[in-house]
Amino acid sequence: GSGHVVWCEGVTHLHRFSPLIAEMFNTISNIATLMAAGYGLTRARRKRLPRAFGFSDLCLLSVGLGSMVFHATRSFYGEMMDELPMSAMAFGYMWCLKGTHKYTSGRTWSLVLAVYSLVVAIAWGSYLFYGWYDVFTTSFTAQVIVSALLSLDAIRLAGSREDMYLWWTSLSMIIVGRVFWGIERHLYFTGRCPTSSLELSFWLHPACNIFCLQHGMLALTVTLQGMLCLAGLMLSGCCRSQTSHTRRERSMRSPSPRVKACVVYLLESRHA
């Protein structure tokens, strides 16, 4: 193939099951991605969520389709159909945080967005011009880390303990997926790719896809929960207090279940 990266299945099981599909299992594992994207798009439509959520889920759908094309053809264009939407999806996660953090609000948001976009554009330009795959993986990892840290700080101020647990679960999912990805890469570069589908290491890349997918779904859920908490606090008047910053932070950390339920009701009633 003409892509920048070769996976172990493409070494040991190339066109093993079909002359039309180069990597069968890496291809069909993306069906889960399509299902998750469908769920996210349906949720965004039913609850009339901000456009950023629909955009992120649409990018996830594009990632699933692009990844299927990439693993089926191992072509450069298939790889771009996979990786470009990944970067756009990471941007979508950042967009979802608009208004939930001091760096994603007001004029600061415009500055952060400009710098963020410029850095990603430079990384992509370098990747396309020089063909350095590590540039893509590094820039995408940085995109995920920036969004994750901003969402963590937003949850620390406005989320509940359950939201914090959800955030850590999301983080653990992508860490596990990244570890699986790294092990698969190590097996490829050392010439020890598994030769049988009965070996657990054969399923590292599909497992990486599943864990990273879980991270994406949880990340959007965490952001949505944070937005509900912020909206609930505004409705309850907590954010109108002119008292000290410490007291304001304390009040924002523990919104009552009644406030959350009220905001959920308001969102659902809009759809009705």
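**Exercise 1. Is Glu23 buried or exposed, and what is its relative accessibility?**

Solution. Some ground rules come before the steps. The structure is a predicted model, in which local features need pLDDT of at least 70 and side-chain atom pairs count only at pLDDT 80 or more, while totals for chains, interfaces and linings use all residues. Residues are numbered from 1 along each chain as its sequence is written, and side-chain values use heavy atoms, with hydrogens and water left out.

Step 1: recall the classes, in which buried means under 20% relative accessible area, exposed means over 50%, and partly exposed lies in between, with a 1.4 Å probe and protein chains only.

Step 2: apply them to Glu23, which counts as buried because its relative accessibility is 2%.

Step 3: place Glu23 in the chain, where it lies in the loop between H1 and helix H2 (24-28); helices here are DSSP runs of H or I with at least four residues, strands are runs of E with at least two, and both are numbered from the N terminus.

Step 4: list its partners, taking contact to mean heavy atoms within 4.5 Å. Not counting residues up to four places away in sequence, Glu23 touches Trp7, Glu9, Gly10, His71 and Arg74.

**Exercise 2. Describe the residues that UniProt lists for "binding site", and find which of Trp7, Glu9 and Glu23 belongs to the lining of the largest pocket.**

Solution. Step 1: read the record, in which an unreviewed UniProt entry lists Trp7, Glu9 and Glu23 for "binding site". These residues are spread over 17 residues of sequence, yet they cluster in space, with a largest C-alpha distance of 8.6 Å. Of these residues, Trp7 is included in the lining of the largest pocket. UniProt positions are given in the numbering used here, with feature names shortened, and annotations may be inferred rather than shown by experiment.

Step 2: look at Trp7, which is found in the segment before helix H1 (8-12) and counts as buried because its relative accessibility is 4%. Leaving aside neighbours within four places in sequence, the contacts of Trp7 include Glu23, His71, Trp181 and His205.

Step 3: add His71, where UniProt also places the feature "binding site" (unreviewed entry). His71 lies in helix H4 and, at 2% relative accessibility, counts as buried. Apart from residues up to four places away in sequence, His71 touches Trp7, Ala22, Glu23, Asn26, Thr27, Asn30 and His205.

**Exercise 3. Describe the largest pocket and its lining.**

Solution. Step 1: settle the terms, which rest on a 1 Å grid over the protein atoms alone: a cavity is a set of points where a 1.4 Å probe fits but cannot get out, a pocket is an open set with protein on both sides within 12 Å along at least five of seven lines, and lining residues have an atom within 4 Å of a point. Grid points are joined across faces, edges and corners, and a volume is the space filled by probe spheres set on the points.

Step 2: give the volume, since about 820 Å³ of space lies in the largest pocket.

Step 3: name the lining, which consists of 39 residues, with Met86, Phe140, Ile174, Cys208 and Cys212 lying nearest the centre of the pocket. The largest share, nine residues, comes from H7.

Step 4: sort the lining of the largest pocket by class, which gives 25 nonpolar, 11 polar and three charged residues. Here Ala, Val, Leu, Ile, Met, Phe, Trp, Tyr, Cys and Pro count as nonpolar, Asp, Glu, Lys and Arg as charged, and the others, Gly among them, as polar.

**Exercise 4. How many cavities of 30 Å³ or more does the structure hold, and what lines the largest cavity?**

Solution. Step 1: the structure holds three cavities of 30 Å³ or more, and about 160 Å³ of space lies in the largest cavity.

Step 2: the largest cavity is lined by 14 residues, of which Ser147, Ala148, Ser151, His215 and Ala219 are the closest to its centre. The elements that give two or more residues to this lining are H7, H8 and H9, and the largest share, five residues, comes from H9.

Step 3: by class, the lining of the largest cavity divides into nine nonpolar, five polar and no charged residues.
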